[in-house]
Amino acid sequence: MDFLAGCIGGAAGVLVGHPFDTVKVRLQVQSVDRPLYRGTYHCFQSIIRQESLLGLYKGIGSPMMGLTFINAIVFGVQGNTMRRLGNDTPLNQFLAGAAAGAIQCVICCPMELAKTRMQMQGTGEKKSSRRLYKNSLDCLVRIYNREGLRGVNRGMVTTLIRETPGFGVYFLAYDVLTRYLGCEPNDRYMIPKLLFSGGMAGIASWLSTYPVDVIKSRLQADGVGGVYKYSGIADCVRQSVRREGYMVFTRGLTSTLLRAFPVNAATFATVTLVLMYARGVEQRPQDCELAQPSHHTQIQPQAQPSSL
């Protein structure tokens with residue numbers, strides 16, 4: 001039931017947060033010489049005006065397709081790791097989250113590659129006349145046929161560097177916040193506390209690894225149309241800093257933080273409501289903190305698609 005609730009909650013999070021993710025990616029990879037957008041609000045405005053409201057949801061098929069597998073990996077690995085570690089401590093929460101983040105990269109990296117390519121397709125056009133990909137699956141198939149497994153896993157190293165500490169910080173922050181706030185089964189503010197803890201944990205996670213996400217997005221968007229700008233991670237970092245300065249690592253950060261809180265809030269609300277409905281009032285969790293299943297029933301936070 002935790003798995004099912006996590007899947008439904010994750011779907012709610014994707015629907016709420018995907019427009020912000022599209023804006024983030026557009027801002028991260030736009031040309032510094034010919035920028036299309038002046039900032040987060042202008043990017044939102046331009047996409048809706050030029051590509052309609054549906055333009056904000058380009059590439060949503062990819063995170064939706066990978067959602068079930070990512071949830072299965074994250075919840076399974078995190079729960080098993082906590083049982084192996086034995087004690088429910090903040091450090092163990094970080095280690096369990098880091099392990100879950102690292103392993104789910106197998107699904108997350110190709111999923112985000114397809115999402116990024118779809119989000120960049122037809123930029124500024126309501127009806128693109130040069131559609132390279134029909135949908136997310138077609139995108140991955142075409143990349144595989146042209147570049148093989150290496151192409152499908154483009155950005156895997158940066159995804160691993162981002163997701164491993166990112167998920168560790170996420171689970172750690174959520175654990176610390178729920179311990180500090182506390183909540184009882186009959187606490188009328190239990191759900192707001194869960195929502196606040198999850199939203200703030202998401203923000204903390206993104207802040208801890210955001211510069212890596214900028215480089216990942218640029219590497220995954222590189223090669224569209226057959227033109228490659230970067231030979232690898234180090235080259236991407238060098239070129240980006242040389243042309244745009246160190247502020248390049250904050251590109252799209254505003255839309256990312258705006259997205260982080262409502263995505264995790266929507267996810268936690270959905271997970272909580274599904275679990276309460278399924279188990280009934282008498283089977284509510286005894287605590288809102290992340291802990292080992294042997295101690296008490298657990299409401300676990302949902303991971304971010306594509307990562308947080």
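Among contacts in the protein between residues at least 6 apart in sequence, 77% join residues at least 24 apart, a contact being a pair of residues with heavy atoms within 4.5 Å. The structure is a predicted model, in which local features need pLDDT of at least 70 and side-chain atom pairs count only at pLDDT 80 or more, while totals for chains, interfaces and linings use all residues. Residues are numbered from 1 along each chain as its sequence is written, and side-chain values use heavy atoms, with hydrogens and water left out.

The protein has 10 helices and zero strands, so the elements are α from the N terminus on; helices (H or I, at least four residues) and strands (E, at least two) are DSSP runs, numbered from the N terminus. Of its 308 residues, 53% count as buried, where buried means under 20% relative accessible area, exposed over 50% and partly exposed in between (1.4 Å probe, protein chains only).

Confidence is given by pLDDT, the predictor's confidence in each residue, from 0 to 100. Its mean over the protein is 82, with 81% of residues at 70 or more. Among the elements, helix H9 (residues 233-244) has the highest mean pLDDT, 95, and helix H10 (residues 253-279) the lowest, 77. Over residues 281-308 pLDDT stays under 50, and the model has 96 contacts beyond four places in sequence for this stretch. Where pLDDT is low, the predicted coordinates should not be read in detail.

A helix pair comes next. Helix H4 (residues 90-103) and helix H7 (residues 156-181) have axes that come within 7 Å and cross at roughly 145°; axes are lines fitted to C-alpha atoms, for helices over the stretch in contact, and angles run from 0 to 180 degrees between N-to-C directions. The crossing of H4 and H7 is right-handed, meaning that the near helix is turned clockwise from the far one by less than a right angle, with anticlockwise giving a left-handed crossing. Residues of H4 in this contact include Pro90, Phe94 and Ala98, and those of H7 include Leu160, Phe167 and Asp175. By class, the contact of H4 with H7 has 10 nonpolar, five polar and two charged residues (Ala, Val, Leu, Ile, Met, Phe, Trp, Tyr, Cys and Pro count as nonpolar, Asp, Glu, Lys and Arg as charged, and the others, Gly among them, as polar).

Helix H7 also holds arginine 162, which counts as buried because its relative accessibility is 1%. The C-alpha atom of arginine 162 is separated by 8.7 Å from that of lysine 216, 54 residues apart along the chain.

The protein has four aromatic pairs, counted when ring centres of Phe, Tyr and Trp (its six-membered ring) lie within 6.5 Å, with planes under 30 degrees apart called stacked, over 60 edge-to-face and the rest tilted. One of them is the edge-to-face pair of tryptophan 206 and tyrosine 210, 6.3 Å centre to centre with 65° between the planes. Both residues lie in helix H8 (residues 190-221), four residues apart, about one turn of the helix. Tryptophan 206 is buried at 2% relative accessibility, and tyrosine 210 is buried at 2% as well.

Towards the N terminus of the numbering, threonine 40 lies in helix H2 (residues 40-51) and is buried at 15% relative accessibility. Leaving out residues up to four places away in sequence, threonine 40 touches Val23, Leu27, Thr254 and Ser255. Serine 52 is found in the loop between H2 and helix H3 (61-85) and is partly exposed, with a relative accessible area of 24%. Its phi is near 75°, a positive value in a residue other than glycine. Most residues other than glycine have a negative phi.
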